[in-house]
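I opened the notebook with a short list of things to look up. The entries follow in the order I took them.

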Amino acid sequence: MNSKSKNAKLVAALLRWFAAHARDLPWRRTRDPYAIWVSEIMLQQTQVKTVIPFWNRWLQTLPSIAATANASPDQLHKLWEGLGYYTRVRNLQKAAQVVMAKHGGKFPENFTDILALPGIGRYTAGAISSIAFNQPTPILDGNVIRVLTRLFGISENPKAKTTNAQLWQLAEDLVKDANSSRWGERPREPKFERQRRTAAREDARPTNCSFLNQSLMELGALVCTPRNTQCPICPVKNLCVAFAENRVDELPNLGKRETATARHFMAFVVERDGKFLIRQRPAGAVNAHLWEFPNAETTGAKADAKKIFKAIFGSAPPAVHPLVTVKHSITRYRITLEAFLVRLGGTSYTSPHSKKQSGTRGAHPSESISTTGIWKTPAQMSLLAFTAAHKKLASAAAKSILSGG
Ligand code: SF4
């Protein structure tokens, strides 16, 4: 079969399958490029089910580009709290400000203008312009890479430059094919799209580019998954090289995974008169602008909590009590965060600082953080955005007050 006829068959099968099987997701019930853009940014590195409540809350709180452009950093970070990768939310606001200043508050339709916005790369620009404006712009993310490498039996590493270019070309060929193929064949739209149009009193209009791109992502998310791949129910199995050659589990060839590195941190939940000492991470640091409890990276699990406390605060604590241990992963790091409760009572303290420690074995400041801590009650802390791990500490801190423990 030549590639033109394979592509035409793929496009037809994928569009039919999408119309019948696409998930009814809230951002699929809108054509508003702003709402679609927010969903695409949230979905980077984050699963659909996690994103849904965040997206709903965001759109309710900041329903327009102008609202996002003018929101306070605290409000933005609080709305994003728990999604991680906070550079995304800061870029979202920068881009909203550019849209206000350069495009009169109207989200641009032109691919090049979209691509020029902060935080928007080729994938996101392609997703927005195809989904919101039905333009034949390709998309290539992890899901699409998996589907395409398997469909076309590509065994080279998709991160290699030429292979990556080849995959972009395949994605482009498919969406262009969808653009030029007959629109109007039934079933041509999912039920939720019909309901959306009826509610919005919109006539049907071409959607092939939008639905073709979304079908590739959807197939990768639901059927052509990394493990337990559902080939027997796949709508394009008859066209799939990996399926025919029994190579599904070999593709994509992502090369050797980097081994995870273990890192240990120690945090201190310091309480005085029902308030806790917290600090804000500075601009430029990882998780900038978010709040956290004073902490330091240690050289291992056996570090001495009292020594680390002294390294951070400059004076010894009255006593330290194990509070909670949080384990989580960020990129290739497996992080263990051990938290201790320190009740100061009438004891005076020194604000957290980052001066280089000398003679303190086992501790080194996590980064050059030089913020002054502030004291907050649990209710006040609940209004601030914490990193996911430190949010668990904040909740343990609140419980420690209730239990008096
Ligand atoms: Fe993926 Fe299997 Fe479908 Fe091929 S047949 S595209 S490997 S789910």
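**Entry: Leu344.** I began with burial, where buried means under 20% relative accessible area, exposed over 50%, and partly exposed in between, with a 1.4 Å probe and protein chains only. Leu344 has 5% relative accessibility, so I logged this residue as buried. I found Leu344 in the loop between strand E6 (333-343) and strand E7 (363-364). I also looked up a pair: the C-alpha atoms of Leu344 and Pro317 are separated by 7.8 Å, with their positions 27 residues apart along the chain.

**Entry: ground rules.** I am working on a predicted model, in which local features need pLDDT of at least 70, side-chain atom pairs count only at pLDDT 80 or more, and totals for chains, interfaces and linings use all residues. Residues are numbered from 1 along each chain as its sequence is written, and side-chain values use heavy atoms, with hydrogens and water left out.

**Entry: the whole chain.** I took helices (H or I, at least four residues) and strands (E, at least two) as DSSP runs, numbered from the N terminus. The protein chain has 16 helices and eight strands. Along the principal axes, its C-alpha atoms fill a box of roughly 80 × 50 × 40 Å. Of the 405 residues in the protein chain, 48% are buried.

I then turned to contacts, meaning heavy atoms within 4.5 Å. Among contacts with a separation of 6 or more, 69% are between residues 24 or more positions apart.

For the surface, I used accessible areas from the Shrake-Rupley method with a 1.4 Å probe; for residues, only the protein chains shown count as cover. The protein chain exposes about 19800 Å², and carbon and sulfur atoms supply 52% of that area.

For charge, Lys and Arg count as positive and Asp and Glu as negative, while His and the chain ends are not counted. I placed each charge at NZ of Lys, CZ of Arg, CG of Asp or CD of Glu. The protein chain carries 56 positive and 29 negative side chains. The centres of the two sets lie 5 Å apart.

**Entry: helix H10.** What span should the 20 residues of helix H10 have? The expected span is 1.5 Å times one less than the number of residues. That gives 28 Å for residues 161-180, and the end C-alpha atoms are 29 Å apart, so the two agree.

I listed the buried residues of H10, among them Leu167, Trp168, Leu170, Leu174 and Val175. The buried set also includes Glu172 and Asp177. Their cover includes helix H1 (3-21), helix H8 (122-133), helix H9 (142-151) and helix H12 (208-222).

I moved on to Arg182, in the loop between H10 and helix H11 (191-200). Arg182 is exposed, at 65% relative accessibility. Its C-alpha atom is 9.5 Å from that of Ala12, and the two residues are 170 apart along the chain.

**Entry: Thr68 and Thr387.** Thr68 sits in helix H4 (residues 65-70). Its relative accessible area is 0%, so Thr68 is buried. Leaving aside neighbours within four places in sequence, I found Thr68 in contact with Tyr34, Trp58, Leu62, Leu76, Leu92, Gln93 and Ala96.

Thr387 lies in the loop between helix H15 (378-381) and helix H16 (388-403). Thr387 is buried at 9% relative accessible area. With neighbours within four places left aside, Thr387 is in contact with Asn287, Leu290 and Trp291.

**Entry: cysteines.** How many disulfides does a search of the whole structure find? I counted a pair of cysteine sulfur atoms within 2.5 Å as a disulfide. The search finds zero. I checked two cysteines for burial: Cys234 is buried at 13%, and Cys240 is buried at 12%.

**Entry: backbone.** Most residues other than glycine have a negative phi, and most peptide bonds are trans. I looked for departures.

Leu251 and Pro252 are joined by a cis peptide bond, with omega about -5°. Pro252 is in the loop between helix H13 (241-244) and strand E1 (261-272).

Asn246 is found in the loop between H13 and E1. Its phi is positive, about 55°, and Asn246 is exposed at 69% relative accessibility.

His289 has a positive phi near 80°. I located His289 in the loop between strand E2 (275-280) and strand E3 (291-292). His289 is partly exposed, with a relative accessible area of 22%.
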